[in-house]
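Here are some exercises on reading strands and helices in a protein. Try each task yourself before you look at the solution.

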Amino acid sequence: MPKTSARLLALLSLLQARRDWPGALLAERLAVSPRTVRRDVDRLRELGYPIVTTKGPDGGYRLGAGTRLPPLLFDDEQAVALSVALRIATTSGAGIGEAAARALNTVRQVMPARLRHRIDTFRVTPVERRPAPQVDSGVLMALGAAVHAREVLRFDYGSGDPASAPPRRAEPHHLVTRGGRWYLVAWDLDRDDWRTFRADRVTPRTPTGPRFTPREVPGGDVAAFVAGRFSGSDDQGGVPCRGQVILAVPAAEVSPFVHDGVVEELGPDRCRLTVGSWSWHALAAGIGRFDADVEVVGPAELKDAFARLARRYAEAAR
């Protein structure tokens, strides 16, 4: 029979591995009697682990939730995954960098040497063009709770004086991250339309509003919807401005830089490019990045955009 301390750790590891354990199966796994299992469960309870006795023909045990977090056991893969997640938490914009660093130090101290070495060799250097604003973790929890409960959210938005404007009202549907920022995807009740709100500008008000029946995000895919909103597309995922040009450059030199368009080879030094953007000016400017002569196939709005940009660039050159 293993020593009591080792057996308690083995019992705790088993209880964390699945929700319910029949007492007889625990005794079999630990190679002890059901009476010894009962005594070990009592010892774990004295140490603060909230172990619940389950009723039924077999009878058994379940590791429940208590008023405080007891010590936990992790296998090697879980420990490494947790450490990696804590190390990159500072890049999430969730405002938990300091807490994540303290948690990582706690986990690292109790790691075996072999795992500590693996974690110490993992280094992450976040490279951002500009620092993403940090969101208070309490705000994120409040937004996530409203999404889960399907309750209308009342909140102040922006940095203005909350007393100068009534609170916004929206049906929160998804809490998403993009480029280090957190966004709330919601149906704006006052504007009768879908909106994406920056979480760092949201100040929730209490209490929340009534429960609502969730609507379907346009297109049914929240990731595609958010990506489309940031690229200027409509709710169906299409961009409002699409044009076609012929470039005096090989197709192979254009294709690597066109992610949402179509490039057709017309010859060794010519290709047709069909691409879209959120405005005609943006489309013309994007095409102008290729160092090549441009022939506009259509539409007329794209030709007009090139003409206006040409006048502006000529004026800037003077």
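## Exercises on a predicted model

Keep in mind that this model is predicted.

**Exercise 1.** Find what helix α7 lies across, and its angle to β5.

*Solution.* Start by picking out helix α7, residues 137-149. Next, look at what it lies across: β4, β5, β6 (181-188) and β8. Finally, compare directions: α7 runs at about 110° to β5.

**Exercise 2.** Work out the strand order of the five-stranded sheet, and explain why β7 and β8 each have one side without a neighbour in the sheet.

*Solution.* Step one: the order is β7-β6-β5-β4-β8, in an open sheet with antiparallel pairing. Step two: β7 (193-198) and β8 (202-204) are at the edges and have a single partner strand each, so one side of each has no neighbour in the sheet. Step three: from one strand to the next, the twist averages 45°.

**Exercise 3.** How many bridges join β4 to β5, and which residue is the bridge partner of Arg154?

*Solution.* Locate β4 at residues 153-157 and β5 at residues 168-178. These strands run antiparallel, and three bridges join them. Now follow Arg154 across to β5, where its bridge partner is Arg169.

**Exercise 4.** Describe the three-stranded sheet and the helix that packs on it.

*Solution.* First, the order of this open sheet is β1-β3-β2, with antiparallel pairing. Because β1 (21-22) and β2 (51-54) stand at the edges with a single partner strand each, one side of each lacks a neighbour in the sheet. Second, two bridges join β1 to β3 (residues 60-63), and Pro22 stands opposite Gly60 in β3. Third, helix α1 (residues 4-17) packs on the sheet and touches β1, β2 and β3. The direction of α1 makes about 80° with that of β3.

Terms used: Residues numbered from 1 in each chain as written. Predicted model: local features only at pLDDT ≥ 70, side-chain atom pairs only at ≥ 80, totals over all residues. Heavy atoms only, no water. Pairing = 2+ DSSP bridges. Helix = DSSP H or I, 4+ residues; strand = E, 2+ residues; numbered from the N terminus. Axes fitted to C-alpha atoms, helices over the stretch in contact; angles between N-to-C directions. Contact = heavy atoms within 4.5 Å.
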